[in-house]
Amino acid sequence: MNQLIATLCACFIATTFGAKLPSGFKKCSVNLSSDKCLPKAIENAIRQMDRPIKKLGLVTLEPLVIPSLIIDSGSQYVATKQIFKNMKLSGFNETSCSKAEFKYNEKTLNLECVVPNFRADYNYEIHGQIMLVSVYGNGTGWSILRENQVRLTFKFGEYEKNGKKYFNILHQQLHMQPRDVDFDLQNLFDGDEEAARRLNKIMKENVLEIYYDIKDGYEEAFGKIFAYIFEKILEKVPVFDIFG
C-alpha cells in the first residue's frame, strides 16, 4: 500500500500552506454542517474536480489515474492477486450525497453517497483460481459498480501552523455496496476464447459473491486514495476556511 501512495504522489502538484478554496466551492458553517448544506457542497466540489485545481495541487478526478495497484486474494472464491496498471477511475461527477455529518468536537466526517456508475478501466494481470477454476491472463479490461452505496468516514487530528488550525487524516474507513457489478477482461487464457467464455459465464453468474470476497482489498485501497486526495486539501486550507 505504501507503493500505491508513492505512485500517487507523482500525480499531484506541489503547493504551499495557506491556500484558499476555489471561489466556486460552497462553504458550510460548522454549526450547519449536518443539514442539507454540506451534502450539496461536497457534490458541488466533486463536480468541479473534473479538471486540475492547481492552487490546491489537485489533478482531475475525471478520470482519476492510478499508475499501479495490487489487490490481494480473497478468502473463499478468489485465489489470485489482481495486478493493475494505468487504472482510470471515473463516474465521480454523478455522485449524489444523502448524508454528510461533520462533528468538530469529535473531529469526524461521515459521508453517505451514491455513485451510479463507478467505473475502472485498466491493464490487468492475474494468475490463480476463481471459483476453483484455474485462470491466467493479462490485457485490458473494465469494471463497473452500479448504484454503489458508498459510506466513508474520516477521523481527523488537528495542528496549528502560522497561527491557523489545520486538519490531518488519522484514519479513514470506506464501505462500498453496489447493487450490481459488471466487467470485461480481454485476453483471458492468452486469447483462448472458449476457455474465457466458460470462465466469464461462471464469474457473471456469481459476480456479487466474487466481489464481496475481495471487496475488503478494494475498500482499503480506494479509501486510502480518497483520503490522500482529501489530505491535499486539508494540508493547504485552514479548517475554518473550509467550514466558514
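# Exercises on a predicted protein model

The buried residues of helix α3 pack against strands β5, β6 (133–161) and β8 (180–185), and against helix α4. Keep that picture in mind as you work through the exercises; the structure is a predicted model.

## Exercise 1: Helix α3

Task: Work out what length helix α3 (residues 193–205) should span, and find where its buried residues sit around the axis.

Solution.

Step 1. Helix α3 has 13 residues, and at 1.5 Å a residue these should span 18 Å. The expected span takes one less than the number of residues, so remember that when you multiply.

Step 2. Now check the model: the end C-alpha atoms of α3 are 18 Å apart, which agrees with the expected span.

Step 3. Next, pick out the buried residues of α3, which are Ala195, Ala196, Leu199, Asn200 and Met203. They cover an arc of only 130° around the axis, so they lie on the same side of α3.

Step 4. Finally, look at the start of the helix. A side-chain oxygen of Asp192 comes to within 3.3 Å of the backbone nitrogen of Glu194 there.

## Exercise 2: The overall fold

Task: Describe the order of helices and strands along the sequence, and say how many there are of each.

Solution.

Step 1. Count the elements: the protein has five helices and eight strands.

Step 2. Put them in order. Along the sequence the pattern reads α-α-β-β-β-β-β-β-β-β-α-α-α.

Step 3. Add burial to the picture: of the 244 residues in the protein, 48% are buried.

Step 4. Then consider contacts between residues at least 6 apart in sequence. Of these, 71% join residues at least 24 apart.

## Exercise 3: The disulfides

Task: Find the disulfides in the whole structure, and give the handedness of the link between Cys28 and Cys37 and of the link between Cys97 and Cys113.

Solution.

Step 1. A disulfide is a covalent bond between the sulfur atoms of two cysteines. Searching the whole structure turns up two disulfides.

Step 2. Take Cys28 and Cys37, whose sulfur atoms are 2.0 Å apart. The torsion about their S-S bond is about -95°, so this disulfide is left-handed. Cys28 and Cys37 are both buried.

Step 3. Now turn to Cys97 and Cys113, with sulfur atoms 2.2 Å apart. Here the torsion about the S-S bond is 90°, and the link is right-handed. This pair joins distant parts of the chain, 16 residues apart: Cys97 is in strand β4 (residues 96–103) and Cys113 in strand β5 (residues 108–130).

Step 4. Are Cys97 and Cys113 buried or exposed? The cut-off for buried is under 20% relative accessible area. Cys97 has 9%, so Cys97 is buried. Cys113 has 10%, so Cys113 is buried too.

Step 5. Counting bonded cysteines along the chain, the pattern of the disulfides is 1-2, 3-4.

## Exercise 4: The nonpolar core

Task: Say which residues of the largest nonpolar core touch the most other members, and which helix gives the largest share of this core.

Solution.

Step 1. The largest nonpolar core holds 75 residues, and those touching the most other members are Met87, Leu89, Phe118, Phe154, Phe156, Leu188 and Phe222.

Step 2. Helix α4 (residues 207–234) supplies the largest share of this core, with 14 residues.

Step 3. Zoom in on Leu89. Residues up to four places away in sequence aside, its contacts include Leu61, Pro63, Phe118 and Phe222.

Step 4. Follow one of these partners, Pro63, to the loop between α2 and β1. The peptide bond leading from Glu62 to Pro63 is cis, with omega near -5°.

## Exercise 5: Gln48, Ile53 and two positive phi values

Task: Place Gln48 and Ile53, then sort Glu147 and Asn162 by exposure.

Solution.

Step 1. Gln48 is part of helix α2 (residues 37–48), and at 15% relative accessible area Gln48 is buried. Ile53 sits in the loop between α2 and β1 (64–71) and is buried at 10%.

Step 2. Setting aside neighbours up to four places away in sequence, Ile53 touches Pro22, Phe25, Gln48 and Leu58.

Step 3. Glu147, in strand β6, has a phi near 50°, a positive value in a residue other than glycine. At 33% relative accessible area, Glu147 is partly exposed.

Step 4. Asn162 is not a glycine, yet has a positive phi of about 55°. Its place is the loop between β6 and β7 (164–177), and at 69% relative accessibility Asn162 counts as exposed.

How values were computed. Residues are numbered from 1 along each chain as its sequence is written. This is a predicted model: local features need pLDDT of at least 70, side-chain atom pairs count only at pLDDT 80 or more; totals for chains, interfaces and linings use all residues. Side-chain values use heavy atoms; hydrogens and water are left out. A nonpolar core is a set of buried Ala, Val, Leu, Ile, Met, Phe, Trp, Tyr and Cys residues joined through side-chain atoms within 4.5 Å. Buried means under 20% relative accessible area, exposed over 50%, partly exposed in between (1.4 Å probe, protein chains only). Helices (H or I, at least four residues) and strands (E, at least two) are DSSP runs, numbered from the N terminus. Contact means heavy atoms within 4.5 Å. A disulfide is a pair of cysteine sulfur atoms within 2.5 Å. The arc is that of the directions from the helix axis to the C-beta atoms. A polar contact is a pair of N or O atoms within 3.5 Å; within protein, one must be able to donate a hydrogen and the other to accept it, and residues adjacent in sequence count only if both atoms are side-chain atoms.
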